[in-house]
Amino acid sequence: MSIAYGIQGQLLEVTVVACNKLKDTEWISRQDPYVCLEYGSSKFRTRTCTDGGKNPTFQEKFVFKLIEGLREINVVVWNSNTVNSDDFIGSGKVQLQKVLSQGFDDTAWPLQRKNGRHAGEVRLIMHYANTNKPATSHAQSGPPYVTPTSGSYPYSVAPPHVASHPTPSGYPAPSPYSTASPPSAFYPASPYSTVPPPPAAYHSASLYPPQSAAYPSPYSSSAYPPQPSPPQGYSYPPGQYPGVYPPRSH
């Protein structure tokens with residue numbers, strides 16, 4: 001078997017194909033299994049195979065960043081429940097020595113119940129592209145991975161019902177910038193005052209003489225003196241000679 005070069009930060013593709021002969025946790029209906037994978041701090045889960053029963057199929061691929069010194073993946077299979085908590089079906093450990101040395105591994109890995117009894121199998125197909133190739137990065141390899149000692153299997157309780165990739169929230173994240181307007185002290189005063197001048201700045205109507213005094217109306221009857229009355233015996237049009245009209249013949 002060839003020796004794999006430094007694997008720190010390299011990518012490993014893992015496809016969850018299906019499960020076979022799973023332990024049945026349902027009494028009446030068919031169980032709804034799903035698979036969880038854990039490698040270091042990376043955790044993934046497949047979709048729930050509704051009514052998958054003992055032989056569910058998934059065909060879902062996940063990508064892990066490898067850690068120097070960690071050569072196994074923990075796998076757990078659960079039965080999804082809508083009312084009660086999910087039922088534990090079985091767990092197992094997937095060894096990476098073959099895929100890291102040969103670049104490919106297609107194996108059905110055994111699962112066990114909490115009491116150690118057989119609980120079925122999970123089939124995984126794994127690909128590693130950098131087999132027998134030195135790492136291109138000049139960064140130092142990470143420290144050897146220390147396996148946690150707590151718990152006999154990866155998940156002590158069922159994971160929350162979320163998709164393999166978290167869905168973004170319907171609400172946007174709060175803006176790091178305040179939406180409040182800055183205080184007016186940070187802005188220079190406007191050269192144009194928006195406050196109207198006091199009433200005293202305007203001329204009062206009393207400073208102007210009344211129109212009737214300064215500008216006499218041309219239609220006022222007092223602007224014209226009364227016309228003298230015509231003399232007695234005046235007729236219009238006037239005659240050629242004063243006196244009796246028409247004049248007497250001599």
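Begin by selecting Glu60, which counts as buried at 16% relative accessibility. The model on the screen is a predicted one. Next, add Arg47: the side chains of Arg47 and Glu60 meet in a salt bridge, with 3.7 Å from N to O. The pair links distant parts of the chain, 13 residues apart, with Arg47 in the loop between strand 3 (42-45) and strand 4 (57-65) and Glu60 in strand 4. Arg47 itself is partly exposed, at 41% relative accessibility.

The structure holds six salt bridges, and two others may be visited now. Select Glu68 and Arg71, whose closest N and O atoms are 3.9 Å apart in a salt bridge. Glu68 counts as buried, because its relative accessibility is 17% and the limit for a buried residue is under 20%. Arg71, with a relative accessible area of 26%, is partly exposed.

Move on to Glu72 and Lys93, which form a salt bridge with the closest N and O atoms 3.7 Å apart. Glu72 lies in strand 5 (residues 72-79) and Lys93 in strand 6 (residues 87-95), so this pair ties together parts that are 21 residues apart in sequence. Lys93 is partly exposed, at 42% relative accessibility.

Now turn to the nonpolar interior. Select Leu12, Leu37, Ile73 and Leu96, the residues with the most contacts inside the largest nonpolar core, which has 31 residues. Colouring by element is useful here: strand 1 (11-20), strand 2 (33-39), strand 4, strand 5, strand 6, helix 1 (97-102), strand 7 (104-112) and strand 8 (118-127) each give two or more residues to this core. Apart from this core lies another, of five residues, among them Tyr34, Cys36, Val76 and Phe88.

Return to Leu12 and display its surroundings. Leaving aside residues up to four places away in sequence, Leu12 touches Phe62, Val63, Phe64, Leu66, Ile73, Leu96, Val99, Met126, His127 and Tyr128.

The last stop is Asp32, in the loop between strand 1 and strand 2. Which side chain of opposite charge is nearest to Asp32? That side chain is Arg30, 7.1 Å away; Asp32 is buried yet has no salt bridge. A salt bridge requires the nitrogen and oxygen to be within 4 Å. To see what surrounds Asp32, select Thr48, Cys49, Thr50, Asp51, Gly52, Trp78, Asn79 and Ser80, which Asp32 touches when residues up to four places away in sequence are not counted.

Technical notes:
Residues are numbered from 1 along each chain as its sequence is written. This is a predicted model: local features need pLDDT of at least 70, side-chain atom pairs count only at pLDDT 80 or more; totals for chains, interfaces and linings use all residues. Side-chain values use heavy atoms; hydrogens and water are left out. Helices (H or I, at least four residues) and strands (E, at least two) are DSSP runs, numbered from the N terminus. Buried means under 20% relative accessible area, exposed over 50%, partly exposed in between (1.4 Å probe, protein chains only). A nonpolar core is a set of buried Ala, Val, Leu, Ile, Met, Phe, Trp, Tyr and Cys residues joined through side-chain atoms within 4.5 Å. Contact means heavy atoms within 4.5 Å. Lys and Arg count as positive and Asp and Glu as negative; His and the chain ends are not counted.
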